[in-house]
Amino acid sequence: MHAVPASRPVDKAPARVRRMFDQISPRYDLLNHLLSLNSDVLWRQRAAAKLAGARRVLDVCSGTGDLAFEIRRQWGAEVVGVDFSLRMLEVAALKARRRLPAGAVRFQQGDALLLPYRDGVFDACTVAFGIRNVVDTGGGLREMSRVLRRGGRAVILEFTLPENSLLRRGYLLYFGHVLPRVGRMIARAEIDAYRYLPDSVSRWPRPEDLKSLMLASGFTRVDYELVFGGVAAIHVGHKD
Ligand SMILES: C[S@@+](CC[C@H](N)C(=O)[O-])C[C@H]1O[C@@H](n2cnc3c(N)ncnc32)[C@H](O)[C@@H]1O
């Protein structure tokens with residue numbers, strides 16, 4: 001883990017996390033685009049680009065569905081988005097109705113720790129900014145690997161702390177001070193989601209440690225790349 005000044009423990013109790021996302025769902029997309037200066041769109045494009053050839057894709061912790069839509073746009077794949085927050089899924093379903101033919105991308109309520117799908121039914125599994133919120137990271141990774149067919153792959157897009165000390169300082173300043181204030185003003189949620197965000201990111205495993213965890217959770221090969229100056233990483237886990 002990174003040695004960063006995050007003394008607060010991060011409470012990832014599933015009921016709390018679900019309530020937090022239910023509460024911020026009406027303003028989640030706006031805040032994502034605003035706080036990342038719209039670069040979240042590029043990050044998802046980059047992650048979706050790793051899915052060449054996949055026909056059936058499961059997007060775990062799909063939220064308001066932006067990665068699911070991007071996968072559909074790039075590859076025309078059959079995409080299912082699963083999330084345990086009904087309110088986030090309602091936003092996703094509304095966007096799907098406005099943008100796509102019926103059934104092009106489907107959303108279902110479900111827990112990342114108990115995915116409601118049989119073993120080996122997906123060519124690919126994705127998760128963007130989601131697995132960090134799951135109380136049992138290894139359990140979530142094992143579920144993703146379970147629902148993948150042999151030869152399938154999982155793509156994980158997640159924040160990391162930049163290794164470069166100058167960049168990291170700037171990032172922590174932004175994440176620790178600017179982001180919570182703006183987030184609080186706009187989200188107006190009872191749970192402080194934009195304080196939870198920097199706290200959970202600063203305690204998230206480094207990319208090399210996440211790779212090891214993936215290898216211990218059912219993936220046979222794992223590669224990753226740091227993107228956008230190392231503020232995010234994209235891991236690709238193969239199930240051979
Ligand atoms: C930061 S949002 C990411 C949403 C979307 N993937 C994106 O790129 O914008 C995290 C999502 O993970 C979901 N989530 C967290 N833990 C979960 C779990 N155990 N099972 C299902 N969904 C979960 C939350 O409800 C939330 O919608």
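Here are some friendly notes on this predicted model, going from the overall fold to the ligand shell and a few single residues.

1. **Overall build.** The protein chain is made of nine helices and seven strands. Its radius of gyration is 17 Å, close to the 18 Å expected from the globule rule for 240 residues, so the chain is as compact as a globular protein of that length. If you are setting up a box, the C-alpha trace spans about 40 × 40 × 30 Å along its principal axes.

2. **Burial and contact range.** Of the 240 residues in the protein chain, 43% are buried. Take the contacts between residues at least 6 apart in sequence: 69% of them join residues at least 24 apart.

3. **The nonpolar core.** The largest nonpolar core holds 65 residues, and Val 57, Cys 125 and Leu 157 have the most contacts inside it. Val 57 is a good place to start looking. Beyond its neighbours within four places in sequence, Val 57 is in contact with Leu 51, Ile 71, Ala 77 and Val 79, and also with Phe 122, Asp 123, Ala 124 and Thr 126.

4. **Around the ligand.** Which residues come nearest to the ligand? Among the 22 residues around it, they are Cys 61, Gly 63, Ser 85, Ala 112 and Ala 128. Two elements give two or more residues to this shell, namely helix 1 (14-24) and helix 4 (66-75). Helix 1 supplies the largest share, with four residues. Sorted by class, the shell has 12 nonpolar, six polar and four charged residues.

5. **The buried side of helix 1.** Helix 1 deserves a second look, as it also has a buried set: Val 17, Met 20, Phe 21 and Ile 24. These residues lie on the same side of helix 1 because they cover an arc of only 90° around the axis. The spacing fits a general rule: an α-helix has 3.6 residues a turn, so residues three or four places apart point the same way. The buried residues of helix 1 pack against four other helices in the list here: helix 2 (28-35), helix 5 (86-99), helix 7 (165-187) and helix 8 (193-202).

6. **Asp 22.** Asp 22 also belongs to helix 1. Is this residue buried or partly exposed? Asp 22 counts as partly exposed, because it has 18 C-beta neighbours inside 10 Å, and a residue needs 20 or more to be buried. Leaving out residues up to four places away in sequence, Asp 22 touches Ser 85, Leu 86 and Arg 87. Ser 85 appeared above as one of the residues that come nearest to the ligand. Tyr 117 sits 95 residues from Asp 22 along the chain, and their C-alpha atoms are separated by 24 Å.

7. **Two positive phi values.** If you check backbone torsions, please look at Asn 38 and Phe 228. Asn 38 has a phi near 70°, which is positive although the residue is not glycine. Asn 38 is found in the loop between helix 2 and helix 3 (39-48), and it counts as exposed because it has 10 C-beta neighbours inside 10 Å. Phe 228, another residue other than glycine, has a positive phi near 55°. Phe 228 lies in the loop between strand 6 (221-227) and strand 7 (232-239). With 15 other C-beta atoms within 10 Å, Phe 228 is partly exposed.

Notes. Residues are numbered from 1 along each chain as its sequence is written. This is a predicted model: local features need pLDDT of at least 70, side-chain atom pairs count only at pLDDT 80 or more; totals for chains, interfaces and linings use all residues. A residue is near a molecule or strand if its C-beta atom, placed from the backbone, lies within 6 Å of it. Ala, Val, Leu, Ile, Met, Phe, Trp, Tyr, Cys and Pro count as nonpolar, Asp, Glu, Lys and Arg as charged, and the others, Gly among them, as polar. A residue is buried if 20 or more other C-beta atoms lie within 10 Å of its own, exposed if 12 or fewer, and partly exposed in between; C-beta atoms are placed from the backbone. The arc is that of the directions from the helix axis to the C-beta atoms. Two residues are in contact if their C-beta atoms, placed from the backbone, lie within 7 Å. The radius of gyration is taken over C-alpha atoms; the globule rule is 2.2 Å times the number of residues to the power 0.38. A nonpolar core is a set of buried Ala, Val, Leu, Ile, Met, Phe, Trp, Tyr and Cys residues joined through C-beta atoms within 7 Å.
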